[in-house]
Amino acid sequence: MSIFDGFKFRSESSPIHEMDPRAKFIYVCILFSSAIIFNNIIPLLILFLIQMPIVFLAKVQREWLRSMKASALFATLIFAMNFISLYFYAGHETLCSITERSAAMTIRFLVLIQTFSIFFLTTSPDMLGLALEQSGIPYEICFAFTTAVRFVPVLAEEAQTIIDAQRARGLELESGNIIKRIRNYIPILIPLIVNAIRRSMELAETMESRAWGAVKNRTNLYALRIKGRDILLIVSSLIILIISVYTSIYIRVPSITQMMHC
Amino acid sequence: MIVMENVYFTYPNGVEALRGIDLKIEDGEFIAIMGQNGAGKTTLVKHMNGLLKPTRGRVLVDGVETTKVSVAKLARKVGLVFQNPDHQLFSETVEDEIRFALKNFGFDEETIKKRVDWALNLLDLERYRNVSPFMLSGGERKRVALASVLAWDPSIIILDEPTIGQDYRQKERLRQFIMQLNQQGKTIIIVTHDVEFVAECSPKILLMREGKIIAEGEAREILTDEPLLYQASISMPEIAKIFKNLSAFGLPSKVIDVYEAANILYERLGDAR
Ligand SMILES: Nc1ncnc2c1ncn2[C@@H]1O[C@H](COP(=O)(O)OP(=O)(O)O)[C@@H](O)[C@H]1O
Ligand SMILES: [Mg+2]
């Protein structure tokens with residue numbers, strides 16, 4: 001439940017919320033690419049920090065913090081895995097540099113999570129569907145997409161209730177060996193899937209009884225239009241991309257270890 | 001015995017669902033928890049078997065704090081039947097569904113057999129023994145869920161909205177065996193909106209509103225207190241409404257039971273004749 005809260009759309013009025021989802025999508029793609037380009041800690045940290053103003057501008061600090069907390073465990077895991085594998089396989093590196101490289105990978109992961117979180121926290125599923133539709137994707141597919149997104153939190157909530165109901169019948173999820181533990185999830189997955197199917201059938205019926213698909217050319221109440229600030233976002237994203245590519249090709253970014261000679 | 005001391009509970013998303021609950025439920029009591037949607041009833045009962053732990057305050061079951069033992073251990077004592085049976089049914093047959101909890105609690109095969117038969121019989125489900133629970137109607141699924149909890153014979157039984165989706169006959173049966181279980185010494189806690197059902201059972205009532213208990217008392221007192229019920233968005237039982245309007249004729253005004261009402265009217269009519 002709390003994991004999803006870090007990615008669930010929150011209705012707020014902020015400049016970021018009002019931006020065109022397509023502009024935000026370009027921003028997400030560019031930040032993703034930039035984060036992948038670098039494996040050095042300094043540029044990754046910069047990528048992380050330049051997004052902070054956006055978080056505050058969108059007034060989603062609390063939710064953002066939640067997404068960070070939710071990824072803490074995974075981040076620790078990534079750090080540990082990198083550290084261990086570098087320690088054993090990377091030859092003559094100092095402990096400092098191993099730590100730094102592992103930290104860089106962890107921060108890269110956090111940048112990805114943060115970008116994702118900002119996008120989904122500030123973009124309503126409706127807007128997303130509209131953006132898809134205006135990009136010429138068939139309405140059926142857009143509708144399926146928005147419905148799927150909309151039902152994720154419902155499903156998450158339901159999963160929690162099912163876990164509670166089975167625990168109330170003596171199910172201990174964290175008991176037994178690995179096979180037993182996987183089997184423990186059967187009583188949770190079956191009701192979850194059955195309910196999801198049942199709900200989708202009901203949805204189909206209610207949609208059909210309201211003449212879904214009767215009109216071929218749909219019109220929308222809202223139309224997306226690229227505005228000044230969207231262009232600003234796209235341009236700044238492109239600048240980030242250009243700087244990233246340029247830096248990664250022509251400039252050797254020093255690592256902190258090198259700078260401190262440790 | 002369940003004791004709650006100044007219990008507060010806030011969900012991770014910030015909703016404060018319980019705000020200072022103090023209560024004490026003795027062994028063998030029969031309690032109905034009533035109140036409007038979102039009053040915190042389900043949240044409250046989820047504290048009684050440790051599914052939720054209080055953000056502040058303490059919950060004690062038979063003197064043991066719920067934070068100190070596992071849910072499985074508490075559940076052995078406190079059976080909680082959820083509102084929606086679709087949140088728990090997963091087995092291929094009704095029989096397996098009832099076995100599930102018994103196996104979790106480590107009963108031996110012989111006891112499991114006996115208890116499954118007993119539960120199937122109690123809830124009139126014998127003929128569905130080998131049927132998939134997914135093939136049953138809503139009301140039947142609800143009874144399977146109930147049977148699967150009653151089967152392990154918990155000493156405290158909590159039913160969340162047990163009357164939803166049940167027809168009159170099933171409700172009557174439900175009422176009878178709830179009373180029967182209570183007479184056998186079980187502690188019964190029902191969460192419900194159904195005033196008529198509560199009026200006929202006549203348990204002790206806890207009235208909730210916005211995460212607080214706003215009243216506690218005998219059904220006769222609570223269900224005839226119109227302003228109080230209004231606060232909790234509950235209507236008076238029909239019988240109580242009638243007797244409230246008849247109080248001008250010198251009839252008692254605190255009547256909720258049909259048989260008692262009939263007796264009073266019968267005597268009065270007899271006098272008149
Ligand atoms: N899993 C949950 N996460 C967040 N809030 C919840 C959750 N379950 C219930 N709530 C909220 O807590 C309050 C009390 O809910 P609940 O205990 O289910 O009430 P009732 O059973 O009396 O209808 C409601 O405001 C509800 O929206
Ligand atoms: Mg409820």
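Is Arg198(A) buried, partly exposed or exposed, and at what relative accessibility? Arg198(A) counts as partly exposed, at 24% relative accessibility. Here, buried means under 20% relative accessible area, exposed means over 50%, and partly exposed is in between (1.4 Å probe, protein chains only).

Before we go on, some ground rules. This is a predicted model, where local features need pLDDT of at least 70, side-chain atom pairs count only at pLDDT 80 or more, and totals for chains, interfaces and linings use all residues. Residues are numbered from 1 along each chain as its sequence is written, chains are lettered from A and ligands numbered from 1 in the order in which they are written, and side-chain values use heavy atoms, with hydrogens and water left out.

**The two chains**

Let's start with chain A. It has twelve helices and zero strands, so to speak an α-only pattern when you read along the sequence. Helices (H or I, at least four residues) and strands (E, at least two) are DSSP runs, numbered from the N terminus. Chain B mixes things up, with eleven helices and ten strands.

Here are some values for the two chains. The exposed areas come from the Shrake-Rupley method with a 1.4 Å probe; for residues, only the protein chains shown count as cover.

| Chain | C-alpha box along the principal axes | Buried residues | Exposed area |
|---|---|---|---|
| Chain A | about 70 × 60 × 30 Å | 37% of 262 residues | about 15500 Å² |
| Chain B | roughly 65 × 45 × 30 Å | 54% of 273 residues | about 12600 Å² |

What sort of atoms make up those exposed areas? In chain A, carbon and sulfur atoms supply 69% of the area, while in chain B they supply 49%.

Chain B also has a radius of gyration of 20 Å, which agrees with the value near 19 Å for a compact globule of 273 residues. That radius is taken over C-alpha atoms, and the globule rule is 2.2 Å times the number of residues to the power 0.38.

Next up are contacts, meaning heavy atoms within 4.5 Å. Take the contacts in chain A between residues at least 6 apart in sequence: 79% of them join residues at least 24 apart. For chain B, residues 24 or more positions apart account for 62% of the contacts with a separation of 6 or more.

**A buried leucine**

Leu128(A) gives you a nice close-up of chain A. You'll find Leu128(A) in helix H7 (residues 125–134), and it is buried, with a relative accessible area of 9%. Pro21(A) sits 107 residues away along the chain, yet the C-alpha atoms of the two are separated by 6.2 Å. If you leave aside neighbours within four places in sequence, the contacts of Leu128(A) include Pro21(A), Phe119(A) and Phe145(A).

**Charges and salt bridges**

Now for the charged side chains. Lys and Arg count as positive and Asp and Glu as negative, with His and the chain ends not counted. The place of a charge is taken as NZ of Lys, CZ of Arg, CG of Asp or CD of Glu. Chain A has 25 positive and 19 negative side chains, and the centres of the two sets lie 3 Å apart. In chain B, the mean positions of the 35 positive and 39 negative charges are 3 Å apart.

Side chains of opposite charge can pair when their charged atoms come close. A salt bridge is a side-chain nitrogen of Lys or Arg within 4 Å of a carboxyl oxygen of Asp or Glu, and by this rule there are 34 over all chains.

Remember Arg198(A)? It forms a salt bridge with Asp86(B), with the closest N and O atoms 2.8 Å apart. Asp86(B) lies in the loop between strand E6 (78–81) and helix H3 (94–104) of chain B, and Arg198(A) in helix H10 (residues 186–209) of chain A, so the pair joins two chains. Asp86(B) is buried, with a relative accessible area of 14%.

Another pair is Glu260(B) and Arg220(B), whose closest N and O atoms are 2.9 Å apart. Glu260(B) lies in helix H11 (residues 258–272) and Arg220(B) in helix H8 (residues 219–222) of chain B, so the pair ties together parts that are 40 residues apart in sequence.
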